[in-house]
2 protein chains.
Amino acid sequence: MRIAIVGLGLIGGSLALKLTEQGYAVFGISRNLMTCEQALALGAVQACGTELAQLQAWDPQLVLICTPLEQVLPTLTALLPYLSAETVVSDVGSVKQPIVRPATQLWPLFVGGHPMAGKTTQGIQSAEADLFVGRPYVLTPIAETRPQTLEILQELVAVVGAEGVFTDPARHDRAVAWISHLPVMISASLITSVSQEVDPVILELARTLASSGFRDTSRVGGGIPQLGLEMARHNRQAVLANLRSYQQHLQQIETWIEKEQWDGLSQFLEQTQREWRQFPVNQPQP
Amino acid sequence: MRIAIVGLGLIGGSLALKLTEQGYAVFGISRNLMTCEQALALGAVQACGTELAQLQAWDPQLVLICTPLEQVLPTLTALLPYLSAETVVSDVGSVKQPIVRPATQLWPLFVGGHPMAGKTTQGIQSAEADLFVGRPYVLTPIAETRPQTLEILQELVAVVGAEGVFTDPARHDRAVAWISHLPVMISASLITSVSQEVDPVILELARTLASSGFRDTSRVGGGIPQLGLEMARHNRQAVLANLRSYQQHLQQIETWIEKEQWDGLSQFLEQTQREWRQFPVNQPQP
């Protein structure tokens with residue numbers, strides 16, 4: 001299968017590395033010539049160009065749009081003149097509702113995708129062929145989605161070693177708001193709250209004493225600002241709803257502590273310990 | 001030096017293991033005979049008893065009270081008849097203000113301590129001799145603290161491989177409220193918010209898709225309920241103040257998203273990324 005990857009960042013670069021390794025013919029497109037040169041040097045792509053028009057000569061059966069979220073629809077629109085009638089297109093955006101329906105209207109052979117993998121570093125220099133191994137790869141078909149798009153994407157999911165998860169765009173967005181977007185906001189607020197401590201001795205002490213608990217709770221809030229902003233902008237309704245629900249629980253904790261209702265807090269913490277274990281990622285690794 | 005350790009859980013057991021390994025004569029006290037037998041079998045202690053009175057025959061120069069927080073003062077009170085005039089006493093409680101002054105009044109050779117180390121598992125079976133290596137060990141002398149207590153504790157800190165940090169009980173409690181106690185409350189609220197999602201398909205999807213970001217942000221909220229309760233009860237004022245400050249920042253985020261004020265959110269996330277790097281624990285390991 002001939003594949004084109006538009007956008008050679010961490011995700012696009014990692015997909016390119018793995019697909020090339022698995023014997024696929026991969027063409028890369030990056031606006032940045034240096035990124036193209038890096039992709040070629042890493043052996044991630046067989047050929048690379050800086051213009052979408054160059055993709056036409058490659059005649060790919062699958063085009064993966066791996067740009068930042070706000071570039072997905074503009075990129076697809078700009079790609080349309082260069083796609084052949086049977087070319088399947090997918091994206092890797094972390095929010096699906098604003099993309100899937102308009103993209104399917106632009107190109108009926110579109111299906112939304114979201115490989116759930118990441119790193120704290122960005123760019124093709126951080127790319128890893130095995131980034132997706134064992135990770136969920138969400139596909140979000142809608143009623144209008146053509147079956148052949150799913151066949152090709154399922155092959156992709158299998159080849160990169162991921163686990164295919166099927167859902168609709170709205171449910172995807174609400175689920176990732178819970179487990180990915182809300183954590184960024186609550187973690188960022190933790191960092192800022194501590195950092196605005198007015199007693200400089202306490203602030204310095206807090207920084208000195210911070211250990212693995214603080215490191216873990218603050219990690220996603222200290223991440224790449226553009227990603228947090230993208231989540232909030234493009235998944236605004238779900239993030240807002242989840243923030244409000246979250247604040248109610250936090251307010252309840254404050255009330256228990258304020259009123260010294262220790263039974264309430266105790267039962268709550270016992271419940272969170274039980275609920276925490278319901279997440280496969282929190283279960284002990286075999 | 002002859003040392004007695006009262007309470008052979010994770011912290012007491014780890015201190016006992018290290019001190020025995022370093023050639024000190026360690027006597028253990030646990031209310032639970034099985035724990036004594038385990039401590040002896042592990043080689044953590046040279047002798048062990050279930051009664052505080054047994055400590056008298058050991059005539060220790062240092063007694064470390066490693067019980068849960070609410071047992072520190074009752075244990076010290078019960079110990080008084082068995083201490084010789086020169087015995088130094090310290091504790092390992094995670095909150096210092098409620099303990100240090102009353103304990104010093106009970107026994108002038110008392111100094112508060114807090115070795116900042118932990119694990120997700122409890123009990124002597126989880127003990128590790130090197131649990132404290134490279135970790136901060138806070139000592140909280142007050143005006144009444146006798147100098148010889150600090151000399152002995154500084155020896156202890158050095159022997160277990162920790163880094164001594166000196167501060168007063170109030171500042172200790174406010175700093176750990178920021179970096180240890182507040183994270184538990186915000187992490188627990190995250191777990192419960194997600195777990196109370198009313199659409200079972202979204203809940204299941206959220207659990208399936210949760211990955212390292214959620215795992216890290218939710219970790220301390222899924223921990224041992226008694227520890228979270230202890231923090232809130234005994235460090236109530238600092239935890240309440242921090243919860244309130246935290247909620248203001250979260251409310252600000254909600255407002256930016258609600259009003260689509262993306263510049264505000266963007267600057268905030270850039271700031272949290274910078275602030276995050278100010279914590280030594282978040283800096284790349286050499």
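The following paragraphs lead through a predicted model of two chains, A and B, from the single chain to the contact between the copies and then to selected residues.

Chain A is built from 12 helices and eight strands. Its C-alpha trace spans about 70 × 40 × 40 Å along the principal axes. Of its 286 residues, 53% count as buried. Contacts across the sequence can be described by their separation: among those in chain A between residues at least 6 apart, 68% join residues at least 24 apart.

The domain assignment of chain A gives domain 1, residues 2-167, and domain 2, residues 171-282. The C-alpha centres of these two domains of chain A lie 32 Å apart. Where they meet, domain 1 of chain A contributes 13 residues to the contact and domain 2 of chain A contributes 10 residues. On the side of domain 1 that touches domain 2, α5 (97-106) and β7 of chain A each supply at least two residues. By class, that side of domain 1 of chain A divides into five nonpolar, seven polar and one charged.

A:I142 offers a local view of chain A, in the loop between β7 (136-140) and α6 (147-159). Is A:I142 buried, exposed or partly exposed? A:I142 has 15 other C-beta atoms within 10 Å and is therefore partly exposed, since a buried residue would need 20 or more and an exposed one 12 or fewer. With residues up to four places away in sequence left out, A:I142 touches A:V100, A:R101, A:T104, A:D168 and A:P169. One of these partners, A:V100, is 42 residues from A:I142 in sequence, yet the two C-alpha atoms are 8.0 Å apart in space.

The arrangement of the two chains can be stated as an operation. In general, two copies of a chain are related by a rotation about an axis and a shift along it. Here, a turn of 180 degrees with a shift of 0.0 Å along the axis lays chain B on chain A with an RMSD of 0.0 Å. This is the relation of a two-fold axis. The same surface serves both copies, as 100% of the contact residues of chain B recur in chain A.

The contact between the chains takes 82 residues from chain B and 82 residues from chain A. On the side of chain B that touches chain A, the elements giving two or more residues are β7 (136-140), α7 (169-195), α8 (200-209), α9 (212-218), α10 (225-234), α11 (236-258) and α12 (262-276) of chain B. Which of the elements gives the most to this side of chain B? It is α7(B), with 20 residues. In terms of class, the side of chain B that touches chain A has 42 nonpolar, 26 polar and 14 charged residues.

Attention now turns to the interior. The largest nonpolar core has 182 residues, of which A:I5, A:A16, B:I5 and B:A16 touch the most other members. Apart from its neighbours within four places in sequence, A:I5 is in contact with A:G12, A:L15, A:A16, A:V26, A:G28, A:L64 and A:C66.

Helix α2 of chain B, residues 33-41, shows how burial is distributed around a helix. In this helix, B:T35, B:C36, B:Q38 and B:A39 are buried. Seen down the axis of α2(B), the buried residues fall within an arc of 160 degrees, so they line one face of the helix. On the other side of α2(B), B:L33, B:M34, B:E37 and B:A41 are exposed. The cover over the buried residues of α2(B) includes α1 (10-21), β2 (25-29) and β3 (47-49) of chain B. Just after α2(B), B:G43 takes a positive phi of about 75 degrees.

Positive phi values also occur in chain A at residues that are not glycine. A:D59 has a phi of about 45 degrees and lies in the loop between α3 (55-58) and β4 (62-65) of chain A. With 14 C-beta neighbours inside 10 Å, A:D59 counts as partly exposed. A:E260 has a phi near 55 degrees, and its place is the loop between α11 (236-258) and α12 (262-276) of chain A. A:E260 is exposed, because 11 other C-beta atoms lie within 10 Å, and a residue counts as exposed at 12 or fewer.

Methods:
Residues numbered from 1 in each chain as written. Chains lettered and ligands numbered in written order. Predicted model: local features only at pLDDT ≥ 70, side-chain atom pairs only at ≥ 80, totals over all residues. Helix = DSSP H or I, 4+ residues; strand = E, 2+ residues; numbered from the N terminus. Least-squares fit on C-alpha atoms with pLDDT ≥ 70 in both. Contact = placed C-beta atoms within 7 Å. Arc of directions from axis to C-beta. Core = buried A, V, L, I, M, F, W, Y, C linked by C-beta atoms within 7 Å. Nonpolar A, V, L, I, M, F, W, Y, C, P; charged D, E, K, R; others polar. Domains from an automatic or database assignment.
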